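Here are a few exercises to work through with the model open. Try each one before you read its solution.

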Amino acid sequence: MTVVGVDDTDSRKRGMCTTYLAARIAERIESAGGDVERRLLVRLNPAVDRKTRGNAALAVHTDLDAEKAADIAREELAPLAETEDPRTSPGLVVADCDPEAVPEQVAQFASDAVRSFHDLDDALALAADAGFETESWAEGYGRIGALAAVGAYRAFEEWTYEQIAYRAFERCGTPREVDEASLFAAADEGYPAAWDTVDHGEGEAVCVPSAPGPILYGIRGESPEAVRSVAAGIESEPVERDALFLTNQGTDAHLRAVDVDDLGELRDDRAYRVDAVVTDEPATRRGGHVFLRVRAADGDSTELQAAAFEPTKRFRDRVRALRRGDRLTLCGEVSDSTLKLEKFAVRDLNRTAERNPVCPDCGNTMSSAGREQGYRCRDCNTSAPGKETVELDRELEQGWYEVPPCARRHIAKPLVRGGFDAPTHPER
Ligand code: ZN
């Protein structure tokens with residue numbers, strides 16, 4: 001077997017896209033007489049996305065001879081490097097072995113690439129040790145993702161599928177013609193085995209990208225049958241080619257579950273699952289972003305800011321419904337010392353609050369009678385010794401809440417997929 005790993009880092013700016021590149025490589029391998037066993041779409045640490053946009057890497061598993069497969073990949077990658085942008089640096093790594101048989105260190109490299117960062121020298125040393133062929137253009141940073149793609153099949157246990165339909169290349173840049181009625185009907189028919197196809201709350205066709213590029217739509221789900229059947233129900237402009245990918249999308253592979261007693265230990269550009277207690281009432285700020293202050297569930301009082309930004313839409317209402325004292329599990333990436341919420345679990349709701357007492361005669365709220373002197377209604381001359389505890393009416397329930405499909409990150413696991421440790425409240 002041969003494993004061809006590719007990463008084209010920044011070339012998506014030119015309307016290319018890594019999956020399209022891999023689909024073409026796979027087609028040419030088949031034309032050359034090779035069998036393509038699978039195409040792998042590997043989402044790397046999404047925090048890297050902001051910096052290099054190189055957060056997806058691809059692998060093709062084939063029985064074609066490694067030398068021939070490498071030649072094909074080289075011919076497809078080389079033209080991408082012909083750009084003025086020095087950050088566009090395609091990389092290629094070819095392993096002459098079964099995807100399950102890559103060295104343990106290469107698998108470890110792949111799982112680390114989803115949760116943290118690698119530098120190029122480590123990637124090159126590891127590839128050389130393993131006897132993999134590598135090729136690079138420009139600065140060659142693409143070899144980091146390419147090596148991670150080679151190691152991914154051994155590294156991960158949880159996989160999902162994406163069926164991607166591509167446009168005719170000459171149509172790229174024009175509005176996509178996808179019939180929304182057939183798309184929404186196919187999405188409903190395929191749910192929940194296929195998820196994040198549409199966002200009913202926003203009325204949005206999530207599977208149709210808005211950025212320029214060759215993808216017409218991508219259907220995500222649990223099995224090849226599930227995603228293909230949704231795709232088959234969509235009426236659209238001509239599909240030039242399509243390809244099925246095995247992927248770590250929708251698996252939460254980026255989250256590290258940590259048990260810390262000080263949230264100050266969480267680091268930027270990493271994603272966490274962590275227990276916390278709300279320390280202040282949520283606040284909505286300019287732009288509609290909702291902020292929340294939390295501290296570790298047990299231990300230090302160091303506060304961390306968590307946020308649900310405007311694009312997370314109705315998820316912000318769930319965050320606004322939180323109260324001081326609520327015990328939660330939070331999931332999201334930390335950047336600029338702010339945990340960007342992807343989902344949270346309500347573990348324990350604070351159901352009481354301290355309020356100034358209410359006057360039994362007129363029903364108005366009493367005011368303080370002075371330091372250590374209790375409360376009084378000046379109109380009725382009634383008094384009370386201290387604050388009273390009132391029951392809060394809470395709209396949240398125990399369990400998991402998530403951002404809607406329109407705001408989902410590729411790698412984040414939708415609640416509808418199941419396997420969570422509490423009841424779920426899936427968005428669709
Ligand atoms: Zn009164």
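**Getting oriented**

Task: take stock of the secondary structure and the overall extent of the protein in this predicted model.

Solution: start with the elements, and you should arrive at 9 helices and 23 strands. Next, lay the C-alpha trace along its principal axes; the span comes to about 95 × 50 × 40 Å.

**Splitting it into domains**

Task: find the domain bounds, then work out how far apart the centres of domain 2 and domain 4 are.

Solution: walk along the chain. Domain 1 covers 2-155 and domain 2 covers 160-247. Domain 3 comes in two pieces, 255-351 and 393-425, with domain 4 at 352-391. Now take the centres over C-alpha atoms: domain 2 and domain 4 are separated by 60 Å.

**Inside and outside**

Task: describe burial, contacts and surface for the protein.

Solution: begin with burial, counting a residue as buried when its relative accessible area is under 20%. Of the 428 residues, 54% pass. Then look at contacts with a separation of 6 or more: 70% of them link residues 24 or more positions apart. Finish with the surface, where about 18900 Å² is exposed and carbon and sulfur atoms supply 42% of that.

**Charges**

Task: tally the charged side chains and compare the centres of the two sets.

Solution: count 54 positive and 80 negative side chains. The centres of these sets lie 6 Å apart.

**Zooming in on helix 7**

Task: which residues of helix 7 are buried, and what do they pack against?

Solution: go to residues 180-190 and pick out Ser 182, Leu 183, Phe 184, Ala 186, Ala 187 and Gly 190 as buried. Then trace their partners: strand 7 (194-195) and helix 8 (224-232).

Methods: Residues numbered from 1 in each chain as written. Heavy atoms only, no water. Buried < 20%, exposed > 50% of the residue type's maximum accessible area, 1.4 Å probe, protein only. Helix = DSSP H or I, 4+ residues; strand = E, 2+ residues; numbered from the N terminus. Contact = heavy atoms within 4.5 Å. Areas by Shrake-Rupley, 256 points an atom, 1.4 Å probe, with all protein chains shown as cover. Lys, Arg positive; Asp, Glu negative; His and termini not counted. Charge placed at Lys NZ, Arg CZ, Asp CG, Glu CD. Domains from an automatic or database assignment.
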